Amino acid sequence: MAPALADERPAGHPDTGEAATAWRFEPDDSRIDFELAALGMIGIHGRFPRFEGGSTWDPVARAWRIETRIDATSLEISPERYLSWARSSEFFSVTRHPLVVFRSDPAPESLLREGGVLTGQLVLRGVERAVRFRVAPARCQPDQSACMIDVSGEINRRQFGMESRRLTLSSQVALRLQLRAVRVDP
């Protein structure tokens, strides 16, 4: 998939002379993990090893956006005995909804440098909801060739139609995306 994730604004702008910068996420050097609690104390850990996406820096708006498309069918979970249930229609419903998508709202250039709140839309099980994540401070600059972006937060699984096992599973699911972004040469 093409990594161009910014709005349809052309690269560069007569006011700045600066070109848009695109980055792609490297799955081999990145991780997308989640965790929830069973019976209030047993951690269920999962990860999605297959995903794609990237980030685009818009010099005119002085903002960046990220988009990540996660292959839900690649789900790995521990303890492994929960795998078929987690893939079933009770939880991720991967046959019917094979993609999980996150699209951020435009974020100021200071967010990567200082850290802060990143807002956007998460599509999970075909349900789209506004979400808020925290971005850790990073040393990502438009002129670098690679950098790490660390995003974390929580979602309420029930807001995405994951209603089963209410008495045994926490409603809150912690997410963490550790994404190695590599600059795409124009």
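Apart from neighbours within four places in sequence, Phe-48 is in contact with eight residues named here in order: Ile-32, Phe-34, Ile-70, Asp-71, Ala-72, Ser-74, Leu-75 and Phe-92. These contacts are those of a predicted model. Phe-48 also belongs to the largest nonpolar core, which has 45 residues. Within this core, the residues with the most contacts are Phe-34, Phe-48, Trp-64, Phe-92, Leu-118 and Ile-155. Strand β12, which covers residues 172–184, gives the most to the core, with five residues. Two of the residues with the most contacts inside the core, Phe-34 and Phe-92, are also partners of Phe-48.

The chain around this core is described next. Its secondary structure comes to two helices and twelve strands. Along the sequence, these elements follow the pattern β-β-β-β-β-β-α-β-β-α-β-β-β-β. Of the 186 residues in the protein chain, 45% are buried. Contacts between residues at least 6 apart in sequence were also examined, and 61% of them join residues at least 24 apart. The protein chain exposes about 9800 Å², of which carbon and sulfur atoms supply 49%.

The loop between α1 (83–87) and β7 (99–104) contains His-97. With neighbours within four places in sequence set aside, the contacts of His-97 are Ala-72, Phe-92, Arg-125 and Gly-126. Ala-72 and Phe-92 thus appear in the contact list of His-97, and both are listed for Phe-48 as well. As for Arg-125, its backbone oxygen lies 3.3 Å from a polar atom of the side chain of His-97.

Arg-125 itself is found in the loop between β9 (116–124) and β10 (127–135). Although Arg-125 is not a glycine, its phi is positive, at about 60°. The relative accessible area of Arg-125 is 18%, and because buried means under 20%, Arg-125 counts as buried.

A positive phi is likewise found at Ser-93, a residue other than glycine, where the value is near 50°. Ser-93 is placed in the loop between α1 and β7, the loop that also holds His-97. Ser-93 has a relative accessibility of 9% and therefore counts as buried. In summary, Ser-93 and Arg-125 are each buried, at 9% and 18% respectively, and each has a positive phi, near 50° for Ser-93 and about 60° for Arg-125.

Definitions and conventions:
Residues numbered from 1 in each chain as written. Predicted model: local features only at pLDDT ≥ 70, side-chain atom pairs only at ≥ 80, totals over all residues. Heavy atoms only, no water. Core = buried A, V, L, I, M, F, W, Y, C linked by side-chain atoms within 4.5 Å. Buried < 20%, exposed > 50% of the residue type's maximum accessible area, 1.4 Å probe, protein only. Helix = DSSP H or I, 4+ residues; strand = E, 2+ residues; numbered from the N terminus. Contact = heavy atoms within 4.5 Å. Polar contact = N/O pair within 3.5 Å; in protein donor to acceptor, adjacent residues only side chain to side chain. Areas by Shrake-Rupley, 256 points an atom, 1.4 Å probe, with all protein chains shown as cover.
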